[in-house]
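Reader: Hey, could you walk me through the aromatic contacts in this one? I'd like to go pair by pair.

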Amino acid sequence: MKKENVLEIHNLSVSFHRAEGETQAVRDVSLSLRQGEVLALVGESGCGKSVLCKSLIRLLPKGADVKSGSIRMEGKELSQLSEKEMCKLRGEGISMIFQDPLTSLNPTMTIGRQIDETVKLHHPSWKKERRKERVLELLKLVGIEEAGKRYDSYPYQFSGGMRQRCVMAIALACNPKILIADEPTTALDVTIQAEILKQLKEIQQKLGTSILFVTHDLGVVAQIADRVAVMYAGKIVEYGMAEEIFYDARHPYTWGLLHALPYYAKERGGLEIIPGFPPHLTPPPAGDAFAIRDQYALRMDYEQMPPFFAVSETHYAATWLLDERAAEARKLIEERKSRNRSIREEGGNKDKYEEKKEQKEQKKEQEDSP
Amino acid sequence: MSKQEVLVDVQNLSRHFLLGKHQIVKAVDEVSFQIRKNEIFGLVGESGSGKSTVGKCLMNICQPTQGTICYDGVNLCDKREVKAQKRKLQQERQIIFQDSTSALNQRMRVEDIVAEPLRIQHIFSEKSQLKQFVKEQLEEVGLDESYLNRRPSELSGGQRQRIAIARAFGMKPRLLIADEPIASLDVSIQAQIIRLFQHLQQEHDCAILFIAHDLSMVRFLSDRVGVMQKGRLVEVGETEEIFSAPKHPYTKKLLSSIPIPDPRAVRKAGIEKEVCHEDVI
């Protein structure tokens, strides 16, 4: 059964206008978010993840504007809405959790009042008691114990994890259909991060909210996401179900990201790195922006922007490697990979640093035994 | 394997901070561990567990309240001894901070930043030699000549961290303290920096105290690991020992909360957890 799309983005481009020229932060992005799913948006800093999110709720900073494309929520075109209608939509339709829980809370207001503020704005007819009831309900929902006592606490009395829970409560105050979480756990410790992720997943299942989860941590993605979209230099380069991305990635950038994780380093015999740095987007490079860092790049990648090729019904990747004409290159890469794998299994082709290390250890042992 | 020589011996190190008259924060509390020569020692723990304070004590940036730190025969807690050996200590111990933006002087050029400690130590008598050395150092961290005249504000986070690494390794240190050097970097850049650390450590034979909260990187990089919780060192041991058979409950909790980038494993773990849960009930 195919679920309905709650949010559809078509060919969205966002640019910043600066003295040096136009910076294309988001380039021709098309994405859809389905009812009740968690879509993870993965990418490095500066690849346009946050700009994309902010354009969804029309909170772009000054100097940035949507150049082209459309954002539709349940058939409604967001760019056509007036500011007043948009205000209503923020909170009830789409709401957002930001990265740093400290800066998103007002230090001079109690937690209860800050959550109440949102409830009050969207339900002006509600009486005070009813609103308080709702706030306490929300605090319980996000896992804050003794909600009654905590109602009158200030943000500084809370730890980082608790603060992020409060921010979650504010975002969920009006039962939004879509929740955008912009790196909500990056500023937190691993143990707290695990708790928050669990809580978020529980809430999502309880309320049926669709979540757009922005992160750079593939570990976090594996915990929470149903679908994954990988972004590089303002463009989506690959998207598909979480399993397809983790076990059957097709874009060289996704390979690079996965192989740069220490988790996979052991079986691959060392960390593989993506050489170089992300490109500048003023102006963006012609062709595939990743080509200059890509060891598998084809000549075509430098010249022409690759379109999306379908790998399966749900899995798409933008790389010329998937073109019919690149069948030979694909074969070569497969061969190279399997060869590397078999060599590694034999233990021959060790990482050169590991090799050095072993040599050194041997030397040391020789020295130790006179 | 025979026991290797100890480079740093930390015994009962404590560092307390006074908050007002009556409140004491025990940032580091009775911590003892050793760093051997040429090893990478990982120090992990949550934020606020006192990892960085240990690092700072080893650099004499902050004075310990109690305990002794013995670095290669020099007692770092004795001011007189430190003063007498100042030159040696300053050259042999180097530190890399988490936030490369504030660790580098924004008004200085990259060349001057890397050359500054070399100038202070009078390592090169001629300017041309110094410049050549700085160039070599930059090459070693993967930056070419064109970076010599740039300023930190023109560089990305990964590049700035490379400059900080070049500056530290330029002094040929025997002990390097890396205080969360990769925490503020992207995944692909993190891997680059870790590879660089491995490479330079092999080349220069120095010991590294690697402070981090990213456990998977620590597992990959370090030879031995210490786990800190609320100022106390709760577990120390060989990396594989700690990661495969943690003894302290806090270490177990910390390890189980590492996000595994493997959806199938996550699902499996989730089911196992549920089964365990039912068993308890």
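Author: What follows covers ring pairs and charges over rings, and the model is a predicted one.

Reader: Cool. How many aromatic pairs turn up over all chains?

Author: Searching the whole structure gives 11 aromatic pairs over all chains. One of them joins A:Tyr154 and A:Tyr156, with 6.3 Å centre to centre and 20° between the planes.

Reader: So is that one stacked or edge-to-face?

Author: Stacked. The planes are 20° apart, and under 30 degrees counts as stacked.

Reader: And where do those two tyrosines sit, buried or exposed?

Author: A:Tyr154 is partly exposed because its relative accessibility is 32%. A:Tyr156 has 63%, so it counts as exposed.

Reader: Got it. What's the geometry of A:Trp255 with A:Tyr296?

Author: Those two make an edge-to-face pair, 5.3 Å centre to centre with 85° between the planes.

Reader: Which parts of the chain does that pair link?

Author: Distant ones: A:Trp255 is in helix H10 (residues 252-259) of chain A, while A:Tyr296 is in the loop between helix H11 (262-268) and helix H12 (299-303). They're 41 residues apart. Both A:Trp255 and A:Tyr296 are buried.

Reader: Which residues form a cluster with A:Tyr232?

Author: A:Tyr253 and A:Phe290 join A:Tyr232 in one aromatic cluster.

Reader: Switching topic: which rings have an arginine over the face?

Author: Among them, A:Phe158 has A:Arg150 over its face, 4.9 Å from the ring centre. In chain B, B:Arg150 lies over the face of B:Tyr147, at 4.6 Å from the ring centre.

Note on methods:
Residues are numbered from 1 along each chain as its sequence is written. Chains are lettered from A and ligands numbered from 1 in the order in which they are written. This is a predicted model: local features need pLDDT of at least 70, side-chain atom pairs count only at pLDDT 80 or more; totals for chains, interfaces and linings use all residues. Side-chain values use heavy atoms; hydrogens and water are left out. Rings of Phe, Tyr and Trp (its six-membered ring) pair if their centres lie within 6.5 Å; planes under 30 degrees apart count as stacked, over 60 as edge-to-face and the rest as tilted. Buried means under 20% relative accessible area, exposed over 50%, partly exposed in between (1.4 Å probe, protein chains only). Helices (H or I, at least four residues) and strands (E, at least two) are DSSP runs, numbered from the N terminus. A charge sits over a ring if NZ of Lys or CZ of Arg is within 6 Å of the ring centre and within 35 degrees of the ring normal.
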